[in-house]
Amino acid sequence: MGDADESSRARVSRMAPPDPAVELSVGVVTYNRAPMLDQCLRSLRTACVAIPYEVIVVDNSSRDGTVRMLGDRHPDVRVVANAENPGLTRAGNQAISLARGRHFLFLNDDTEIPQAALEELMRFQRAHPEAGAVGPQLLYADGTEQGAHKAFPTPLAAFFGRRSLLRRWFPNNRFSRRYLTSAYARPTGPYEVDSVSSACILIRRETIDDVGGMDEGFFVYWSDVDWCRRMKDRGWKLYVVPSARVVHLEGQMISKQRPRAIIDFHRGAYRYYCKHDVPSALSPMRGAAFVGLGVRTLVMLVANALRPSPPHVSRPG
């Protein structure tokens, strides 16, 4: 599953020196999704009409003309064109290291963010200095709440996560309700969570100065949960602002996944579990987790292979 003891070797990224003229830095990592990225940046331009901002796009060696599209349609965007694909976390840290704003927005290239949503997030974070990070209500394209903001996982999350069979069979079970915070929340205002999805997460500069960037021992998956865990461990609070509504087109890519993504998801889960819950390399729980996640990986690979193939969509990593 990978070396869970690499955390001490993961590079820590910090933001560039602040520029008083830049209130918000937006970092977007992309890989072979030029049309989605174009749509995302167009919505971002509208959302930031009243906010002094900069955009940093890190392209992970796309082959679909992404860099050319950025030069033609978004010449104001700062582009980092990687010669190879280093993964979401390393590319995200590249964006962080160039960011000059008082706030940093990490944004997926498959999101659409309206003006009101970004203004709500910024307003809340300005008014709450304890808020290290805030996220919006994330919705699928059909308006369904995504359930992406969560409590920190326990082993039961493997059985009652948002795409698990047990949750499909028993959608209101108490384990899913406890873990999938935003999926079951009926809030009247902002509320605190353990983990905010990196699909759209607004982080204040002081928080990144305190905890650093993402742990590059994660390739894509679980890096945001780890990041949020480190923020909470340092005393920062994380919130969801439900009046800020952002569309995340994740639904276009979940009917069938690349085998690499399934493997990376479970490798990330193992790394997270060992790093935060069982730090001792001698604990038998590590072996149990390794076997359990290994079996789950094989089952999901087989199930995934039997699904029909959707139109090709690639993740940033």
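In this predicted model, helix α1 and strand β2 (53-59) each put at least two residues into the lining of the second largest cavity. Of the two, α1 is the one to look at, since the largest share of that lining, three residues, comes from this helix. The cavity itself has a volume of about 50 Å³, and it turned up in a search of the whole structure that finds two cavities of 30 Å³ or more.

As for what surrounds the space, the lining of the second largest cavity is made up of Leu41, Leu44, Arg45, Tyr53, Val55, His74, Asp76 and Val77. Sorted by class, that comes to five nonpolar residues, one polar and two charged.

Helix α1 also has a helical partner. Spanning residues 34-47, α1 packs with α2 (residues 66-73) at an angle of about 30°, and the two axes lie 10 Å apart. Angles under 35 degrees count as roughly parallel, so α1 and α2 are roughly parallel to each other. Their crossing is right-handed. On the α1 side, the contact is made by Ala34, Leu37, Asp38, Leu41, Arg42 and Arg45, while α2 brings in Thr66, Met69, Leu70 and Arg73. The class split for this contact is five nonpolar, one polar and four charged residues.

Put side by side, the two lists share some names: Leu41 and Arg45 of α1 take part in the contact with α2, and Leu41 and Arg45 also line the second largest cavity.

Definitions and conventions
Residues are numbered from 1 along each chain as its sequence is written. This is a predicted model: local features need pLDDT of at least 70, side-chain atom pairs count only at pLDDT 80 or more; totals for chains, interfaces and linings use all residues. Side-chain values use heavy atoms; hydrogens and water are left out. Axes are lines fitted to C-alpha atoms, for helices over the stretch in contact, and angles run from 0 to 180 degrees between N-to-C directions. Helices (H or I, at least four residues) and strands (E, at least two) are DSSP runs, numbered from the N terminus. Angles under 35 degrees count as roughly parallel, over 145 as roughly antiparallel, 65 to 115 as roughly perpendicular and the rest as oblique. A crossing is left-handed if the near helix is turned anticlockwise from the far one by less than a right angle, and right-handed if clockwise. Contact means heavy atoms within 4.5 Å. Ala, Val, Leu, Ile, Met, Phe, Trp, Tyr, Cys and Pro count as nonpolar, Asp, Glu, Lys and Arg as charged, and the others, Gly among them, as polar. On a 1 Å grid over the protein atoms alone, a cavity is a set of points where a 1.4 Å probe fits but cannot get out, and a pocket is an open set with protein on both sides within 12 Å along at least five of seven lines; lining residues have an atom within 4 Å of a point. Grid points are joined across faces, edges and corners, and a volume is the space filled by probe spheres set on the points.
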